[in-house]
Amino acid sequence: MKYSQKTLVRIAKRENNTKRNYLVVNPLQGKHVPVSPSKALALFSDLADTIRGKYAGEKLLLIGFAETATAIGAQAAIALGTEYIQTTREVIPGVEYLFFSEEHSHATEQKLVKNDIDEAIERVDRIVFVEDEVTTGKTILNIISVMRKEYSKDIKFAVASILNGMSEEHRMLYEDNAIDLHYLVKTDHSRYGEIADAFAGDGEYSDYSESDGQRTCSIGNSDNTDSSGAVRGYVDDSDKIEQKVQAVPIAGRMDARRLVDAHVYEAACRKLFEDISATCTFPANKRILVVGTEEFMFPALFIGAELEKIENEVKCHSTTRSPITVSTEEQYPLHARYELRSLYDAHRRTFLYDIDAYDQVYVVTDADMSEDIGVDSLIHALTSRNEKITVFRWC
């Protein structure tokens, strides 16, 4: 078997979440744990293979869930040659939404752009929801219920997830609703909460969200309070070394929060890489980190995979809204947490985990860069271990 619980499952502890105290961290997903981007994209393509040929003659629409499954859904849609859209928690001007809830999450509100679903619904035979993991399946049932109330057409539904931890009761509920399930690995979540509680939570917690750019750091303390925290020239007061951070706008953005043809989206990401290549000379035979931002994961993974092709050792992961406890145990997936302000909303806490030292760091984002506090906090965290950082904004 190519994948198993051993290769795809690490248990972490959620911070102050009474609905579900654990989080399943996939070390190959490219979200929380730095990973080879080509390995992550290969995993996502393998998920697409679980439904390849199953719905011959049907027109499919794939929907990836924000924020962790946005890249999974995009790569799966590319592999299958379908249309694609992701859910979002961001504000998109001038659109209507279909709202639904993700009850166990730290950020429960999810939405889809209704205008785009209205456009696609008449030509689609089946909607396939793409997730990193499905445990109860309640979130997907919530959006299916919303769609069935909104649209008169008898749409078929399916779910493709890397992990499936559904009980027999929940599986039967899906069967009764004629919702097909596809996955790579079946998991048993019965002891995950107990496993999470056993970890000490004594990792390193660093807060880079302060407005003056100062860092506070503690060991084994995740009780961080909300605060605020400016890129261009940067002064790291801990060592008085000025950090010069280059921010480069790249035109031609395609937003997967709106309905896209997956192959057109892939071509746009390739054009993004080519345009970035025209602005700078990518190194070869170097150790490189590519960082995505929150829901904006796939373009970072795509660029990272292209950099691997020119003989670089590349790692990729993204900032996230998920507040996860970090711990020093070797088997624990995350050991250092960097608290930031969001590039999309300065009032939002975000996090990056396990920053290492690299020859070059590239941040790839579609944020409008108006939230200086957010940009500054991310750069300041990265400069704690790195000197060469370039920010590319797809606009």
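Fifteen residues is a count worth starting from: the largest cavity is lined by 15 residues, and those lying nearest its centre are Gln 86, Ala 256, Tyr 265, Glu 295 and Phe 296. The model in which this cavity is found is a predicted one, and the volume computed for the largest cavity is about 90 Å³. Two elements, α3 (70-80) and α9 (298-308), give two or more residues to its lining, and α3 provides the largest share, namely three residues. By character, the lining of the largest cavity divides into nine nonpolar, two polar and four charged residues.

The second largest pocket, by contrast with a cavity an open space, has a volume of about 370 Å³. It is lined by 18 residues, and the closest to its centre are Glu 90, Val 91, Tyr 344, Asp 366 and Asp 368. The lining of this pocket comprises ten charged residues, seven nonpolar ones and one polar one.

From these spaces we can turn to the strands. An open sheet is formed by six strands, which follow one another in the order β9-β8-β7-β3-β4-β15 with mixed pairing. At its edges stand β9 (179-186) and β15 (260-261), and because each of them has a single partner strand, one side of each is left without a neighbour in the sheet. Further inside that order, strand β7 (residues 126-134) and strand β8 (residues 156-164) run parallel and are joined by eight bridges, with Phe 129 standing opposite Val 159 in β8.

Phe 129 also leads into the packing of the interior, since the largest nonpolar core, a set of 116 buried residues, counts Phe 129 among those with the most contacts inside it, together with Ile 117, Ile 127, Met 147 and Leu 382. For Met 147, once its neighbours within four places in sequence are left aside, the residues in contact are Ile 63, Leu 98, Leu 112, Ile 117, Ile 127, Phe 129 and Phe 157. Apart from this core lies another, made up of twelve residues that include Ile 324, Tyr 332, Phe 351 and Tyr 353.

A last stop is Lys 286, which is found in the loop between α8 (262-279) and β16 (287-293). Its relative accessible area is 38%, and because this value falls between the limits of 20% for buried and 50% for exposed, Lys 286 is described as partly exposed. Leaving aside neighbours within four places in sequence, Lys 286 is in contact with Glu 311, Asn 312, Glu 313 and Asp 359. The C-alpha atoms of Lys 286 and Gln 360 are separated by 7.7 Å, although the two residues are 74 residues apart along the chain.

Conventions: Residues numbered from 1 in each chain as written. Predicted model: local features only at pLDDT ≥ 70, side-chain atom pairs only at ≥ 80, totals over all residues. Heavy atoms only, no water. Core = buried A, V, L, I, M, F, W, Y, C linked by side-chain atoms within 4.5 Å. Buried < 20%, exposed > 50% of the residue type's maximum accessible area, 1.4 Å probe, protein only. Contact = heavy atoms within 4.5 Å. Helix = DSSP H or I, 4+ residues; strand = E, 2+ residues; numbered from the N terminus. 1 Å grid on protein atoms, 1.4 Å probe; cavity = no way out; pocket = protein on both sides within 12 Å on 5 of 7 lines; lining within 4 Å. Points joined across faces, edges and corners; volume = space filled by probe spheres on them. Nonpolar A, V, L, I, M, F, W, Y, C, P; charged D, E, K, R; others polar. Pairing = 2+ DSSP bridges.
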